[in-house]
Amino acid sequence: MQVLQILKDKPAGVITVAPNASVADAAALLSSRRIGALVVSSDGKRAEGILSERDIVRELGHRGGGCLSDKVSAIMTANPVGCLRNDTADQVMEKMTEGRFRHMPVIEDGVMIGLISIGDVVKARLSELAMEKEALTGMIMGN
């Protein structure tokens with residue numbers, strides 16, 4: 001399964017936050033949208049970084065509530081690894097596993113066209129395996 005197929009099951013667009021926004025504002029956006037990460041972007045088109053719930057919790061644990069007034073750019077993961085729409089779910093899982101991250105922007109011609117999470121990839125892969133199982137079962141049963 002390709003990334004393009006995974007994106008079809010997701011709402012269009014990418015939720016972004018400006019690098020100069022406060023960590024508190026980013027946390028509020030994560031909470032209100034019920035999502036795990038935001039793409040950090042000045043123009044809404046290019047991924048300058050990723051800010052996840054984990055990043056915020058790590059800073060809170062390390063420095064306390066004072067980090068909430070910091071700029072997102074101070075704690076984001078800069079230069080996130082991206083993927084292409086024609087990459088396979090297996091390729092994306094490998095990149096995420098090796099890099100130990102859970103969110104990846106999908107890039108086309110230098111511009112973000114989506115964001116996928118490890119959960120999206122696992123869901124797609126499980127769906128693919130279920131279809132393969134049904135096809136094999138049908139072949140064995142003579143259907």
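Two residues are in contact here when heavy atoms of one lie within 4.5 Å of heavy atoms of the other. With that in hand, a good place to start in this predicted model is Ser22. Leaving aside residues up to four places away in sequence, Ser22 touches Leu68, Ser69, Asp70 and Val72. Ser22 sits in the loop between β1 (16–17) and α2. Lys71 is 49 residues away from Ser22 along the sequence, yet the two C-alpha atoms are just 4.5 Å apart in space. Ser22 also counts as buried, because its relative accessible area is 18% and the cut-off for buried is under 20%.

Stepping back to the whole chain, there are 6 helices and 6 strands. Read along the sequence, these elements come in the order α-β-α-β-β-α-α-β-α-β-β-α. The C-alpha trace spans about 65 × 35 × 30 Å along its principal axes. Of the 143 residues in the chain, 34% are buried. The chain exposes about 8600 Å², and carbon and sulfur atoms supply 52% of that area. As for who meets whom, take the contacts between residues at least 6 apart in sequence: 55% of them join residues at least 24 apart.

A second serine worth a look is Ser52, which belongs to strand β3 (residues 49–52). Its relative accessibility is 11%, so Ser52 counts as buried too. Once residues up to four places away in sequence are set aside, Ser52 touches Leu30, Gly36 and Ala37.

Next come the helices α5 and α6. Helix α6 runs over residues 118–141, and its axis comes within 10 Å of the axis of α5, with the two crossing at roughly 145°. The crossing of α5 past α6 is left-handed. On the α5 side, Ala89, Asp90, Val92, Met93 and Met96 take part, and they meet Ile118, Val121 and Arg125 of α6. Sorted by type, the residues of this contact are 6 nonpolar, no polar and 2 charged.

Helix α6 also passes a simple length check. Its 24 residues should span 34 Å at 1.5 Å a residue, and the C-alpha atoms at its ends are 34 Å apart, so the two values agree. Which residues of α6 are buried? They are Asp120, Val121, Ala124, Glu128 and Gly138. These buried residues pack against α1 (3–8), α5 and β6 (111–117). Just after the helix, Gly142 has a positive phi of about 80°.

Positive phi values turn up elsewhere as well. Most residues other than glycine have a negative phi. Arg34 is not a glycine, yet its phi is positive, at about 55°. Arg34 lies in the loop between α2 (23–33) and β2 (37–40). With a relative accessibility of 77%, Arg34 counts as exposed, because the cut-off for exposed is over 50%. Asn79 is likewise a non-glycine residue with a positive phi, of about 50°. The loop that holds Asn79 connects β4 (77–78) and α5 (89–99). Asn79 is exposed, given its relative accessible area of 67%.

Methods: Residues numbered from 1 in each chain as written. Predicted model: local features only at pLDDT ≥ 70, side-chain atom pairs only at ≥ 80, totals over all residues. Heavy atoms only, no water. Helix = DSSP H or I, 4+ residues; strand = E, 2+ residues; numbered from the N terminus. Buried < 20%, exposed > 50% of the residue type's maximum accessible area, 1.4 Å probe, protein only. Axes fitted to C-alpha atoms, helices over the stretch in contact; angles between N-to-C directions. Left-handed = near helix turned anticlockwise from the far one by under 90°. Nonpolar A, V, L, I, M, F, W, Y, C, P; charged D, E, K, R; others polar. Areas by Shrake-Rupley, 256 points an atom, 1.4 Å probe, with all protein chains shown as cover. Expected span 1.5 Å × (residues − 1).
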